[in-house]
Amino acid sequence: MIILGIDPGLRTTGFGVIHKQGGKLRYIASGTIKSGEGDLPTRLKVILDGVAEVARVYQPECAAIEQVFVNVNPQSTLLLGQARGAAICALVSAELSVAEYSPTQVKQAVVGTGRAVKAQVQDMVARLLSLPGLPGTDAADALGVAICHAHSRETLTLIAGAGAGSGAASGPLAGLRMRRGRLVG
């Protein structure tokens, strides 16, 4: 399965593409989409077109995007939300299912702690994907989102399957559900 991860940003949007086969992850590509300076609509179009091009080139089967981190500055949070919306529109237009993860969930999945710093995420992404060097911070975050989805997708599928069917749910995840990004009974 090919997974596209997106780390949205108004100036720089990171993308990361990985392949998951069984329990193995393989790096395909990563990079950034730079919207430059200028008016907001023009910058949002650069993000929309850039994410659409990445989806067209790499043909992912699903996508994941990082949720907005609420900033001290409400204006910055609003602008980031608009950039994120442009990226989501591009993914949905490419007919991809889009999963969303908080920064804490991504750090937990990649590093093992939700309070990891960017350098730790970069290092672990490079290790998990056997990269020869460290990816840039935005690309590393996007690859981290894709890795988080690769690990979470199986669990979410099992949870959905545990509640499906006509009889009582069975299996290891029967009766469990997701709450605030955690598996709870």
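The chain holds five helices and seven strands, where helices (H or I, at least four residues) and strands (E, at least two) are DSSP runs, numbered from the N terminus. This is a predicted model, in which local features need pLDDT of at least 70 and side-chain atom pairs count only at pLDDT 80 or more, while totals for chains, interfaces and linings use all residues. Residues are numbered from 1 along each chain as its sequence is written, and side-chain values use heavy atoms, with hydrogens and water left out.

**Exercise 1. Trace the order of elements and describe the open sheet.**

Step 1. Along the sequence, the elements follow the pattern β-β-β-α-β-α-β-α-α-α-β-β.

Step 2. Five strands make an open sheet in the order 3-2-1-4-5, and its pairing is mixed; two strands count as paired if DSSP finds at least two bridges between them. Strand 3 (24–34) and strand 5 stand at the edges, each with a single partner strand, so one side of each is left without a neighbour in the sheet. On average, neighbouring strands of this sheet are turned by 20 degrees against each other, direction ignored.

Step 3. Strand 1 (residues 2–7) pairs with strand 2 (residues 12–21) in the antiparallel sense over six bridges, and Ile3 stands opposite Ile18 in strand 2. Strand 2 and strand 3 also run antiparallel, joined by 10 bridges, with Thr12 opposite Lys34 in strand 3. These two strands form a hairpin with two residues between them, and Gly22 in the turn has a positive phi of about 60 degrees.

**Exercise 2. Describe how helix 1 and helix 2 pack, and what kinds of residue make their contact.**

Step 1. Helix 1 (residues 40–58) and helix 2 (residues 74–93) pack at an angle of about 35 degrees with their axes 8 Å apart; axes are lines fitted to C-alpha atoms, for helices over the stretch in contact, and angles run from 0 to 180 degrees between N-to-C directions.

Step 2. The contact (heavy atoms within 4.5 Å) involves residues of helix 1 including Leu40, Leu44 and Ile47, and residues of helix 2 including Leu79, Gln82 and Ala83. The residues of this contact divide into 13 nonpolar, one polar and no charged, on a scheme in which Ala, Val, Leu, Ile, Met, Phe, Trp, Tyr, Cys and Pro count as nonpolar, Asp, Glu, Lys and Arg as charged, and the others, Gly among them, as polar.

**Exercise 3. Locate the largest nonpolar core and say which elements supply it.**

Step 1. A nonpolar core is a set of buried Ala, Val, Leu, Ile, Met, Phe, Trp, Tyr and Cys residues joined through side-chain atoms within 4.5 Å, and buried means under 20% relative accessible area, exposed over 50%, partly exposed in between (1.4 Å probe, protein chains only).

Step 2. The largest such core has 21 residues, and those with the most contacts inside it are Ile18, Val125, Leu129 and Ile147. Strand 4 (62–66), strand 5 (98–101), helix 3 (103–110), helix 4 (118–128) and helix 5 (137–163) each supply at least two of its residues, and helix 5 gives the most, with six.

Step 3. Not counting residues up to four places away in sequence, Ile147 touches Ile18, Leu25, Val110, Val125, Leu128 and Leu129.

**Exercise 4. Decide whether Arg84 is buried or exposed, and list its contacts.**

Step 1. Arg84 is found in helix 2, and counts as buried because its relative accessibility is 12%.

Step 2. Leaving aside neighbours within four places in sequence, Arg84 is in contact with Pro8, Ile65, Glu66, Gln67, Val68 and Glu100.
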